[in-house]
Amino acid sequence: MGDSSMAGLGSVALNGSSPKKVAYFYDSDIGNYAYVTGHPMKPHRIRLAHSLIMQYNLYQKMEIYRAKPATRGEMTQFHTDDYIDFLQKVTPDNMDSYMREQGKYNVGDDCPVFDGLFEFCGISAGGSMEGAARLNRQKCDIAINWAGGLHHAKKCEASGFCYVNDIVLGILELLRFMKRVLYIDIDVHHGDGVEEAFYTTDRVMTVSFHKYGEYFPGTGELRDIGIGQGKNYAVNFPLRDGITDESYKSIFEPVIENVMKYFQPEAVVLQCGGDSLSGDRLGAFNLSMDGHANCVNFVKSFNLPTLVLGGGGYTMRNVARTWAFETGVLVGQEMDRTLPYNEYYEYYAPDFELNVRSSNMENSNSREYLEKITAAVIDNLRHTGPAPSVQMQDVPRKPFGGMTDEEEAELDDLDEDENKDVRMSERRWEKRVEHEAEFEASDDEDMARANGATRRNGNKRTFTDFRKSDKEDNSERASPAAATNGGVPEGPTAEDSHDINDDTIEDFAAAPAAEPEKIEVDERSESKEPEKEVEAETEAEKESEKEQESEKEKEKVDDDGDVGMADSEPKEGMTIKKEDIEPESAPERVPSKSPIAEEKPAEESEPATDAPAPAPANADADADADAAADTDASTTEKPAAQGEPKPSETEHEKSPEASSDAKEKDDQSTDAMEIDQEKEDAEPKKASTPPA
């Protein structure tokens, strides 16, 4: 039975060519709750999915609501009063005093007591009930609540990580207006809580595709078809490990098609448990993201009011990607397989793509087995007879959950009164759906950024802008190019980088973007030129410093060739003075010298030049000093031309001459040494050690 024949099942508004009106329910507090340490159920996955939904700009295609948490009175429409009272009172601090109740209500290992337990259940149930109420009032065609789908909870006990069965509460709300409601469960576990709640009625048909055989909860056999008035209105399709996309599609579509044919529901509730995906921590199936989303797309094609809920799923990164992708399927939005950057981007390593692949797991479901079970299920559907009718009766004005039209109109009026001067209030932003023909949404950018939607459309930011932002962060790397067909983004290589001189057809469109890229390259080259100039200046300073030190050594040599020592001093004293002057460490200085270190050579040269100032007492000493200076200059010029030998070598060559002259000039040298000592005491000697 094709889609065209199924089109007559829905209302006129749903069957038209106009897009579906989608209401999306999300409470930002849902991610703050945590079961216990090490528990596989993590509500944080809903926050991850919401982040992707916002970054993909899917919020522009649907209305966003924060539902009022379900109250105790609303929960007791299905659950017992004692059970709800227990959930409301128990906390981790007082749980020891409720040991008997914990055993009675199955609260313990799988369903632990944690902080905010009742509030968490209220958020989950409130979204499902509010979504069902909006479907009843024809305010939307599809309602989404990824925090719902807790299908194991029973009337008076918790089970399978579920405390309050939001699905049953949502179906009860739909039954106020709808004659028949269809429940479809694609979780890997059997939806036992929902089946048990409607096991005896023909107004709700439950269809579950699940793993059966030594697997929680152990129910959902093919022969479980309902009892009493609800006989043949419970459909179970038991499966084995490792079912693939093709096998799942071959059973899901014919079964749902026949269900629509025989039951003719007026509304659908779809539980999209993510533990049927490949690689789940607790699951045993081998479905990819596309295979899982194909079920959502097929149910959507029947154009019925649909309540889409979450459920299981214990590999957070896979569940978040799948639910975000299925949100795009429901709003009719194509999504790029390369994930946009978001606050939880590192969760999706190493591929960073919107995809969950199947593995090489063995498929234990043979074709003969699947065909046999499919034939048995369709045969049971034939025994349902004509679609059941419902006796005419007055519908209560007050819904079980959610707001009435009057209450919502009052909130709209209150919002307008409180935000008279605000162009886009938060309530108006949440209810606004962007038209497909709208080119650029300029009114809600600030509000969208405040709600976590930071991604911009492609026509607002070019590829070169991403590269520029990376340079501003001093990363010196170009951002990865967007991969196609789910590929891993990689940085552009030298061969793949854009050439502005290339005039191929592909580069015509990229020509405007190449201009700022060329400017950036020029700026980079210009920024390197000052660096080269700085290096040249440091080298010049280094050379000049070496020359100054060599000159300083020449100036410090006295008349007799002794380096700052008295004429009467022995040869051993010169080697001791050699340690004070260490020109070998000068080339090892750091290029970036401090101003103090640069001033030292000039300051140290002053006392050396002033040292010969006090002349000897008689004229004979002056003549001898001039002759000695001439001989010293002639001897020092030759080694300097050959490469400036070390001061130690010069000192050893001049030592014999200095010893012969020392006998004749004892008096003059003694006077000169005393004068030098007085000058050193007058002017404190500066440190001659070069900086490290």
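The paragraphs below lead through a predicted model, taking up its salt bridges, its aromatic contacts, its backbone exceptions and a charged patch on its surface.

We begin with the charged pairs. Side chains of opposite charge can pair when their charged atoms come close. A search of the whole structure finds 16 salt bridges, and one of these joins Lys21 to Glu63, with the closest N and O atoms 3.8 Å apart. This pair links distant parts of the chain, since Lys21 sits in the loop between helix 2 (12–15) and strand 1 (22–25) while Glu63 belongs to strand 2 (residues 63–65), the two being 42 residues apart. The partners also differ in their surroundings: Lys21 is partly exposed at 38% relative accessibility, whereas Glu63, at 6%, falls under the 20% limit and therefore counts as buried.

A second bridge involves Arg66 and Asp29, whose closest N and O atoms are 2.7 Å apart. Here again distant parts of the chain are linked, for Arg66 lies in the loop between strand 2 and helix 4 (72–75) and Asp29 in the loop between strand 1 and helix 3 (44–55), 37 residues away in sequence. In this pair Arg66 is partly exposed, with a relative accessibility of 48%, and Asp29 is likewise partly exposed, with a relative accessible area of 30%.

Further along the chain, the side chains of Arg357 and Glu353 meet in a salt bridge with an N to O distance of 2.4 Å. Arg357 has a relative accessible area of 51%, which is over the 50% limit, so this residue counts as exposed, while its partner Glu353 is buried at 0% relative accessibility. The pair belongs to a wider arrangement, in which salt bridges that share partners join Arg321, Asp351, Glu353 and Arg357 into one network.

The aromatic side chains offer another way through the fold. Across the whole structure there are 23 aromatic pairs, and among them is the pair of Phe86 and Tyr105, whose ring centres are 5.2 Å apart and whose planes meet at 35°, so that the pair is classed as tilted. Because Phe86 lies in helix 5 (residues 81–89) and Tyr105 in the loop between helix 6 (99–104) and helix 7 (117–136), the contact ties together parts that are 19 residues apart in sequence. Both Phe86 and Tyr105 are buried. The pair formed by Tyr344 and Tyr347 is instead edge-to-face, with 5.8 Å from centre to centre and 90° between the planes. Of these two tyrosines, Tyr344 is buried with a relative accessible area of 12%, whereas Tyr347 is partly exposed at 30%. Aromatic residues also gather in a group, since Phe209, Phe237, Tyr248, Phe252, Phe298 and Phe302 form one aromatic cluster.

A contact of another kind is seen at Ala324, which is found in helix 12 (residues 316–331) and is buried, with a relative accessible area of 0%. Although Ala324 and Tyr56 are 268 residues apart in sequence, their C-alpha atoms are 8.7 Å apart in space.

The backbone, too, deserves attention. Most residues other than glycine have a negative phi, and most peptide bonds are trans. Against that background, the peptide bond from Phe216 to Pro217 is cis, with omega near 0°, and Pro217 is placed in the loop between strand 5 (204–211) and strand 6 (234–239). The bond from Ala349 to Pro350 is also cis, with omega near 0°, and Pro350 lies in the loop between helix 12 and helix 13 (367–382). The loop between helix 12 and helix 13 also holds Phe352, a residue other than glycine whose phi is positive, near 55°. A positive phi, near 60°, is found as well at Asn106, which lies in the loop between helix 6 and helix 7 and is partly exposed at 40% relative accessibility.

Finally, the surface carries a patch of negative charge in which Glu406, Glu410, Asp413, Glu416, Asp417 and Glu418 gather. One of its members, Glu416, is found in helix 14 (residues 405–418) and is partly exposed, with a relative accessible area of 48%.

Methods: Residues are numbered from 1 along each chain as its sequence is written. This is a predicted model: local features need pLDDT of at least 70, side-chain atom pairs count only at pLDDT 80 or more; totals for chains, interfaces and linings use all residues. Side-chain values use heavy atoms; hydrogens and water are left out. Patches are made of residues with over 30% relative accessible area and no salt bridge: like charges are joined within 9 Å, nonpolar side chains (Val, Leu, Ile, Met, Phe, Trp, Tyr) within 5 Å. Accessible areas come from the Shrake-Rupley method with a 1.4 Å probe; for residues, only the protein chains shown count as cover. A salt bridge is a side-chain nitrogen of Lys or Arg within 4 Å of a carboxyl oxygen of Asp or Glu. Lys and Arg count as positive and Asp and Glu as negative; His and the chain ends are not counted. The place of a charge is taken as NZ of Lys, CZ of Arg, CG of Asp or CD of Glu. Helices (H or I, at least four residues) and strands (E, at least two) are DSSP runs, numbered from the N terminus. Buried means under 20% relative accessible area, exposed over 50%, partly exposed in between (1.4 Å probe, protein chains only). Rings of Phe, Tyr and Trp (its six-membered ring) pair if their centres lie within 6.5 Å; planes under 30 degrees apart count as stacked, over 60 as edge-to-face and the rest as tilted.
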